[in-house]
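Morning, everyone. Please bring the model up on your screens. I'll keep this short.

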Amino acid sequence: MSRWLAAPALLLLALPFITLIGVTPWHGFHLAYGDWNSVATSLGLSCISIPCIVLLGTPLSLWLARTTSFMRHWVEIMVLIPLLTPPLALGILLISVYGPYGAVGGIIARLGLSLTNNAGAFVLAQIYGALPYYVMSARVAFEGVPPTVEEAAKVLGAPPWQILIRLTLPLARQGLATGLAIAWVRVVGEFGIVLVFSYFPQGIPVKLYINLQNDGIDAVYSLLWLLLVVTLPFPLWCLASSRRRLKQPH
């Protein structure tokens, strides 16, 4: 009975992708001018933003999972606000802060630097778009590590860095991988923040929008397929790996 109750939602989710297979002009499958540059931009700059997200988000996630401070509630709110803010609105806020006349942007401009419509702005937009998702997922992963395990290691004299590297991170690795997968999809697919804050260089989502505006719907399918090929394998691998771990005997 539950199988039939689940069918409408499954059909609703699958229908766009089934349709994509049918409407793609396979006989004329090719990328438009500038599409490969957008792929290189998205992948190349994502390889910078993802490590930044991990380095910034992992300590914050661990602190949220372990702290009993009264500040935890307020820090959680500060993490959720960017996540809940519409991307276009967040892009406008980034311009207000990091633009040439913003509080931070003005200081950067006096140093002869800029954080608008360049690679640095692109990476910053990706970080703002994905960091909250990673933090929330990683926090859940760290909360799944029994504190008693860490306490036992402390009693045995293990230093904090050793406990983190040899116990906490390995035990939380599956949840951290899930958070990283979500961050990867957000980073590569970020559109709203990038469109407002860093129109140039053009990544895949912005180039899809440009192709759609200039040449119509038939001009975007090739790049759309490439976007799916780029973004989906890692999250799907994480899902499959997680299911294998659950089936393994303990």
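I'll go through one helix pair, one pocket and two residues.

First, a reminder that this is a predicted model.

Start with the helix pair. Helix 2 covers residues 35–66, and helix 11 covers residues 204–215. Their axes sit 8 Å apart. The packing angle is about 155 degrees. How do helix 2 and helix 11 run, roughly parallel or roughly antiparallel? Angles over 145 degrees count as roughly antiparallel, so these two helices are roughly antiparallel to each other.

Who makes the contact? From helix 2, take Asp35, Ser38, Val39 and Ser42. From helix 11, take Ile204, Pro205, Lys207 and Asn211. By class, that contact is mixed: 3 nonpolar, 3 polar and 2 charged residues.

Now the pocket. I mean the second largest one, with a volume of about 250 Å³. Which elements give two or more residues to its lining? Helix 2 does, along with helix 3, residues 72–84, and helix 6, residues 119–143. Helix 6 gives the most, with 6 residues.

Here is the lining by name. Read along with me: Leu56, Leu60, Met78, Val79 and Pro82 are among the residues there. The list continues with Leu124, Ile127, Tyr128, Leu131, Pro132 and Val135. What classes do we get for this lining? The count is 11 nonpolar, no polar and no charged. Set that beside the helix 2 and helix 11 contact, where 2 residues are charged.

On to single residues. Glu76 is in helix 3, one of the helices that line the pocket. Is Glu76 buried or exposed? Its relative accessibility is 18%. The cut-off for buried is under 20%, so Glu76 counts as buried. Leaving out residues up to four places away in sequence, Glu76 touches Leu64 and Arg139.

Last one: Ala141. You'll find Ala141 in helix 6, the helix that gives the most to the pocket lining. Ala141 has a relative accessible area of 12%, so this residue is buried too. What does Ala141 touch, with residues up to four places away in sequence set aside? Ala172, Gly175 and Leu176. There is also a C-alpha distance for that region. Ala141 and Arg173 are 32 residues apart along the chain, and their C-alpha atoms are separated by 7.6 Å.

To recap: helix 2 packs roughly antiparallel to helix 11. The second largest pocket has a lining of 11 nonpolar residues. Glu76 counts as buried, and Ala141 is buried. That's me done.

Technical notes:
Residues are numbered from 1 along each chain as its sequence is written. This is a predicted model: local features need pLDDT of at least 70, side-chain atom pairs count only at pLDDT 80 or more; totals for chains, interfaces and linings use all residues. Side-chain values use heavy atoms; hydrogens and water are left out. Axes are lines fitted to C-alpha atoms, for helices over the stretch in contact, and angles run from 0 to 180 degrees between N-to-C directions. Helices (H or I, at least four residues) and strands (E, at least two) are DSSP runs, numbered from the N terminus. Angles under 35 degrees count as roughly parallel, over 145 as roughly antiparallel, 65 to 115 as roughly perpendicular and the rest as oblique. Contact means heavy atoms within 4.5 Å. Ala, Val, Leu, Ile, Met, Phe, Trp, Tyr, Cys and Pro count as nonpolar, Asp, Glu, Lys and Arg as charged, and the others, Gly among them, as polar. On a 1 Å grid over the protein atoms alone, a cavity is a set of points where a 1.4 Å probe fits but cannot get out, and a pocket is an open set with protein on both sides within 12 Å along at least five of seven lines; lining residues have an atom within 4 Å of a point. Grid points are joined across faces, edges and corners, and a volume is the space filled by probe spheres set on the points. Buried means under 20% relative accessible area, exposed over 50%, partly exposed in between (1.4 Å probe, protein chains only).
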